[in-house]
Amino acid sequence: MPEIVPSAEQMTMLVGKPLYEIWTQLCALIDEKYDMERLWGSGGKAWIYEYKYRRGGKTLCCLYAKGSCLGFMVILGKDERAKFEEIRSALSPAVCRKYDEADTYHDGKWVMFEPADSTEFDDYMKILSIKRK
């Protein structure tokens, strides 16, 4: 399956200029801290695009885009959920609420954030550091 790579213009048209700026800021933060493969794909039924950060077959996180909406997903396994509880007091109530409301599957807790600004980025980085230092 060929990789679907949208242009900056296509992304801006899809999510709008303010959200595209949020997308690029979040990607820059992740790129700065992690040396990962970055893969574009179809966003499945719910999203238009998926942008996955992974290395060695393990996914760090995924970003998603659809009409006027961004998604940032982190899947936390059993051990990672225990580590989340350890840092919970350092995270914002909104981020903890998203975590608490997220569905838990056999392979972990799938937490989907929908950033509308950069206020939760520090928390996202703390959560990513649970997955990979």
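Let me start with the charged pairs: in this structure, which is a predicted model, the count of salt bridges comes to seven, and I would like to walk through three of them before turning to the nonpolar cores.

The pair I would take up now is Arg88 with Asp100, where the closest N and O atoms are 2.5 Å apart. This salt bridge links distant parts of the chain, since Arg88 sits in the loop between helix H3 (78–87) and H4 while Asp100 belongs to helix H4, twelve residues further along. As for their surroundings, Arg88 is partly exposed, with a relative accessible area of 22%, and Asp100 is likewise partly exposed, at 45%. The pair does not stand alone, for Glu85, Arg88 and Asp100 are linked in a network of salt bridges.

Next comes Lys126, which forms a salt bridge with Asp123, the closest N and O atoms being 3.8 Å apart. Why do Lys126 and Asp123 lie about one helical turn from each other? They are separated in this way because they are three residues apart in helix H5. Their burial has to be stated residue by residue: Lys126 is partly exposed, with a relative accessible area of 32%, whereas Asp123, at 7% relative accessibility, counts as buried.

The third pair is Glu50 and Lys52, whose closest N and O atoms are 3.9 Å apart. Are these two residues buried or exposed? Both Glu50 and Lys52 are buried.

Let me now move to the nonpolar side chains. In soluble globular proteins, nonpolar side chains tend to be buried together. Here, the largest nonpolar core has 38 residues, and the members that touch the most others are Trp23, Ile30, Tyr53, Leu63, Phe72 and Leu128. At least two residues of this core come from each of the helices H1 (8–15), H2 (17–33), H4 (93–101) and H5 (121–131), and likewise from each of the strands E2 (49–55), E3 (58–66), E4 (69–76) and E6 (108–113). Which of these elements gives the most to the core? That is H2, with seven residues.

To see one of those well-connected members in detail, consider Phe72: leaving aside residues up to four places away in sequence, the residues it touches include Leu26, Ile30, Leu63, Val111, Phe113, Pro115, Tyr124 and Leu128. Cys61, Cys62 and Met112 are also among the contacts of Phe72.

Finally, there is a second, separate core of six residues, and among them are Trp47, Cys62, Cys69 and Met73.

Definitions and conventions: Residues are numbered from 1 along each chain as its sequence is written. This is a predicted model: local features need pLDDT of at least 70, side-chain atom pairs count only at pLDDT 80 or more; totals for chains, interfaces and linings use all residues. Side-chain values use heavy atoms; hydrogens and water are left out. A nonpolar core is a set of buried Ala, Val, Leu, Ile, Met, Phe, Trp, Tyr and Cys residues joined through side-chain atoms within 4.5 Å. Buried means under 20% relative accessible area, exposed over 50%, partly exposed in between (1.4 Å probe, protein chains only). Helices (H or I, at least four residues) and strands (E, at least two) are DSSP runs, numbered from the N terminus. Contact means heavy atoms within 4.5 Å. A salt bridge is a side-chain nitrogen of Lys or Arg within 4 Å of a carboxyl oxygen of Asp or Glu.
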